[in-house]
Amino acid sequence: MSATAISTPNIALIKYWGNRSNELRLPAADSLSMTLNTPTVEITVDYAEDLIIRSYESDGAEREMTEKHMARFAKHLELTRQYLTQIGAEDAIPASVQLTIRSGIPPGVGLASSAAVFSAVAKAYVGLIASSIILTDEQTSVIARLGSGSAARSIFGGFVTLENTGRNGMDGAVAKQVASEDHWLLHDIVIIPSYDEKKVGSTEGHAIAQTSPHFMERIEAIGSYRQKDCIDAILAKDFEKLQKVAEEDSLNMHHVMETSSPPLQYLTQDTHRIVDAVTRLREEGHLPVLYTMDAGPTVHLLCTDEARMQIVDFAHAQEGCTIFEASVGSGSKIIQK
Ligand code: DP6
């Protein structure tokens, strides 16, 4: 018995930063992202006596699993079993499994893989237990979230929220689709200035977010207008509105990061140079393009189809950078069970 699932990363327009429960990865605020169509991660889950994880890079090389990685997958499996028990599927999933991860994420591009990995793991688990219980995509998003908060959003295609449900348990936040991948063809032209392994990963960052004096202000802004403005902009395909709210939110998240203790400085001089240059290009050419940065120096340029060629040319003109191109994608899928 085995199941295989495939998934992709997503790029957040309203960022998830900070939890109300670190253990359950319950976010302090709602967030919203666009699921990408590439790169893909494929994961097979099999029954096994002990937890075994084999992870292969896009060039086929096996990646060594650190103890920290192993512990994260073991914890995720334990939480998944608890969640399944809660929804009436006790013992649907075995106490240990073998996971085979085949990542199509090019090494060194600095694209976060945890969203693609844990959404694929969640889908593969759901495929494995399909003869005992059928889970909805929202329930699947809970399993993904228990491994990595942003992974919940990659369960769905198109434009997706991660929303607090008002409950405090494992189902305290679920992903929901705002609009499918057919709604609006947007591209993400990714400019990677340098690739250094992050000094402070997102998990550690979320845990100190509330030490920033600007954290509560951020949570309130998302709750009172930003998330809503972003949803409205997407539904109306209003790029200018999307640009304003997404850039405001990305810069605001970095302000919270930079004022937490210890302060987290993910943006570099290269990031600022690229942001300034794209802002000038946008003003001169009236181009529908927006920038957004996650927990790293990488600049994501989201643009409409009409602006794509100019943005791709702009990206390739940035010296010493690696460029990666993606578009809106269709979310995670079970490909074999
Ligand atoms: C800045 O989902 O990577 O990319 O739950 O610890 O895996 P973990 O955190 P993660 O956090 C994402 C942070 C972000 C913003 C976002 O994607 O919303």
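**Reading a ligand site and two cysteines**

Guide: Of the 17 residues around the ligand, those that come nearest are Arg25, Ser148, Gly149, Ser150 and Thr203. A residue counts as near a molecule if one of its heavy atoms lies within 4 Å of it. This is a predicted model, where local features need pLDDT of at least 70, side-chain atom pairs count only at pLDDT 80 or more, and totals for chains, interfaces and linings use all residues. Residues are numbered from 1 along each chain as its sequence is written, and side-chain values use heavy atoms, with hydrogens and water left out.

Visitor: Which polar atoms lie 2.6 Å from an oxygen atom of the ligand?

Guide: Start with the general idea. A polar contact is a pair of N or O atoms within 3.5 Å; within protein, one must be able to donate a hydrogen and the other to accept it, and residues adjacent in sequence count only if both atoms are side-chain atoms. Here, a polar side-chain atom of Ser150 sits 2.6 Å from a ligand oxygen. For an N or O atom in the side chain of Arg72, the distance to an oxygen atom of the ligand is 2.8 Å. Tyr16 uses its backbone: an N or O atom there is 2.9 Å from a ligand oxygen. The protein buries 94% of the 450 Å² that the ligand exposes when taken alone. Such areas come from the Shrake-Rupley method with a 1.4 Å probe; for residues, only the protein chains shown count as cover.

Visitor: Where does the ligand lie relative to domain 1 and domain 2?

Guide: Domain bounds come from an automatic or database domain assignment. In this model, the ligand lies between domain 1 (2-183) and domain 2 (186-327), because both give residues to its shell.

Visitor: Which helix gives the largest share of that shell?

Guide: Helices (H or I, at least four residues) and strands (E, at least two) are DSSP runs, numbered from the N terminus. Helix α4 (residues 202-208) gives the largest share, 3 residues.

Visitor: How many disulfides are there?

Guide: A disulfide is a pair of cysteine sulfur atoms within 2.5 Å. By this rule, the count is 0. Cys230 is in no disulfide, and its nearest cysteine sulfur, in Cys303, is 16 Å away. That is too far for a bond.

Visitor: Is Cys230 buried or exposed?

Guide: Buried means under 20% relative accessible area, exposed over 50%, and partly exposed in between (1.4 Å probe, protein chains only). Cys230 is buried because its relative accessibility is 0%. Cys303 is buried too, with a relative accessible area of 0%.
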